[in-house]
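Trainee: May I ask for a close look at one part of this structure? I should like to see what it packs against, and then how the rest of the chain is arranged.

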Amino acid sequence: MFQPRLYSLLVGSALFLSACTAPPNAATAASPTAPVAAPTQSADPAASAAAAAAAAAAEPSISFEAWRDTFRNKALAHGVQPALFDRAFANVSVDDSVVKADRSQPEFTRPVWEYLDGAVSPLRVTKGKALLTQHSGILRSIEQRYGVDRQALVAIWGMESNFGQFMGDKSVIRSLATLAYEGRRPQFAEDQLLAALLILQQGDIQPERMLGSWAGAMGQTQFIPTTYNSHAVDFDGDGRRDIWTSSTDALASAAHYLQASGWQFGQPWGYEVALPSGFDYAHADADIRKPLNEWIALGVKVPAVAVRADERASLLLPAGHRGPAFLVFNNFRAILRYNNSSSYALAVGLLSERFDNGGQVLGSWPRNDLPLSRSERIELQERLAQKGLQPGAADSIIGANTRKAIRSYQQQLGWAADGYPNHELLKQLRN
């Protein structure tokens, strides 16, 4: 869902997230954006022990009923009506499945190519094309109002809820109350819970029908409550902002958010490029944005797409230098505002192009190069720190500091300094 997304499972918060991330949304398990664990491997015992210790430390010191009564006073002080609060919390108790989901940290996740295989599947492309035709009139009106391309909207619709088919079946109030009571980010969950109660008070949805994911993301666009309050719109004119049953409201709400994120109508999100022999891969960095003509001067071969020569772009290597390369522009960054995962944004971009029979990746993915597990990423960071390369905390998150440390070590070895973590690099560090 939108940034900030609820209870992120990021592998880095910057633009070029590792391809093995779970995207930072609150999608349901049925969503293709959800991580899939490898069943043939087992988790590291030390990591499991650390997770158990963290879970024990998170145990609340008061009863749920005592917490609820305290929160009720806060909610009423923010204008929530007592009768509304009591109706919303009728029979609400701790949801153990939400606690488990919040505390789980998958040891193994899919590499980017497997993620894209599922996200940009032939079935989803066919369904999306049909919906573009079916909703052409509404989509035209949304484009005119918000200046967001219809293909991108339908691609996000497909990614977030499989075009409204998988929106989550958990009570948003119960999920957020559980997370506020004993989740890892209680204050954030309380803020979302208060926002959810205000949505109910506005009359857009009834408490019994406010359903979503375990983390509180809602509707066909998987908005968290604060994002809903800021960007949901009533585009069908029925007096309610209904992102659950009205695809019109859901698509327009997504467009409203992308507009606020700086979407540029008719402009590409990015495109695949070819890099010259001997290219300096240190340019593939989240903080480096060069005008297109500078990338061309560096030998980057770009397709004949209408983009201004001074348009600033970043170089994305989602699988390191052995995989395809992409120059990404402002609209890619707007998609990242929706879900801060480069894999997600790449999937949205490619899927939107597939609707017009494009979006084929020409480069080869290193399909035999499996991503590092969570415990292996922690070990990588620890060994980089032992060499004085300052990767930051050993938290398994491959962020800007870790990538910088990887590049430094790759340069010491005389390797392509693409900042990409893999088993070959970890093996070298062990030696």
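Mentor: Let us take helix 14, whose buried residues pack against helix 8 (150-161), helix 12 (247-260), strand 5 (312-316), strand 7 and helix 15 (342-354). Please keep in mind that this is a predicted model. Helix 14 spans residues 330-338, and eight of its nine residues are buried, so that the helix is mostly covered. The buried residues are Asn-330, Asn-331, Phe-332, Arg-333, Ala-334, Ile-335, Leu-336 and Tyr-338.

Two of the partners of helix 14, strand 5 and strand 7, lead us to a sheet. Strand 5 and strand 7 belong to an open sheet of four strands, in the order 3-7-5-4, with antiparallel pairing. Its edges are strand 3 (270-273) and strand 4 (290-291), each of which pairs on one side only. Strand 3 is joined to strand 7 (residues 325-328) by four bridges, and the two run antiparallel. Within this arrangement, Glu-272 stands opposite Phe-326 of strand 7.

From the sheet we may turn to the nonpolar interior. The largest nonpolar core contains 85 residues, and those with the most contacts inside it are Trp-67, Phe-71, Phe-89, Ile-173, Leu-197 and Met-210. If neighbours within four places in sequence are set aside, Leu-197 is in contact with Phe-71, Ala-75, Val-80, Leu-84, Phe-85, Ala-88, Phe-89 and Ile-173. There is also a second, separate core, made of 15 residues, including Val-273, Val-307, Ala-313 and Leu-315.

The aromatic rings deserve attention next. The structure holds 16 aromatic pairs. In one of them, the rings of Trp-67 and Phe-71 have centres 5.3 Å apart and planes at 5°, and the pair therefore counts as stacked. Trp-67 and Phe-71 both lie in helix 2 (residues 64-77), where they are four residues apart, about one turn of the helix. Both Trp-67 and Phe-71 are buried. Phe-71 also pairs with Phe-89; this pair is tilted, at 6.4 Å centre to centre with 45° between the planes. It links distant parts of the chain, since Phe-71 is in helix 2 while Phe-89 is in the loop between helix 3 (82-88) and helix 4 (96-103), 18 residues apart. Phe-89 is buried, as is Phe-71. Ring pairs connect Phe-64, Trp-67, Phe-71, Phe-85, Phe-89 and Tyr-181 into a cluster.

Rings also meet charges here. The charged end of Arg-185 sits over the ring of Phe-188, 4.3 Å from its centre. Likewise, the charged end of Lys-290 sits over the ring of Trp-295, 5.8 Å from the ring centre.

Helix 4, which follows the loop with Phe-89, contains Ala-101. The relative accessible area of Ala-101 is 24%, so this residue is partly exposed. Ala-101 and Trp-214 are 113 residues apart in sequence, yet their C-alpha atoms are 7.4 Å apart in space.

Finally, consider the chain as a whole. The protein chain has 18 helices and seven strands. Of its 431 residues, 55% are buried. Among contacts between residues at least 6 apart in sequence, 69% join residues at least 24 apart. The accessible surface comes to about 17800 Å², and 49% of this belongs to carbon and sulfur atoms.

Definitions and conventions: Residues are numbered from 1 along each chain as its sequence is written. This is a predicted model: local features need pLDDT of at least 70, side-chain atom pairs count only at pLDDT 80 or more; totals for chains, interfaces and linings use all residues. Side-chain values use heavy atoms; hydrogens and water are left out. Two strands pair if DSSP finds at least two bridges between them. Buried means under 20% relative accessible area, exposed over 50%, partly exposed in between (1.4 Å probe, protein chains only). Contact means heavy atoms within 4.5 Å. A nonpolar core is a set of buried Ala, Val, Leu, Ile, Met, Phe, Trp, Tyr and Cys residues joined through side-chain atoms within 4.5 Å. Rings of Phe, Tyr and Trp (its six-membered ring) pair if their centres lie within 6.5 Å; planes under 30 degrees apart count as stacked, over 60 as edge-to-face and the rest as tilted. A charge sits over a ring if NZ of Lys or CZ of Arg is within 6 Å of the ring centre and within 35 degrees of the ring normal. Accessible areas come from the Shrake-Rupley method with a 1.4 Å probe; for residues, only the protein chains shown count as cover.
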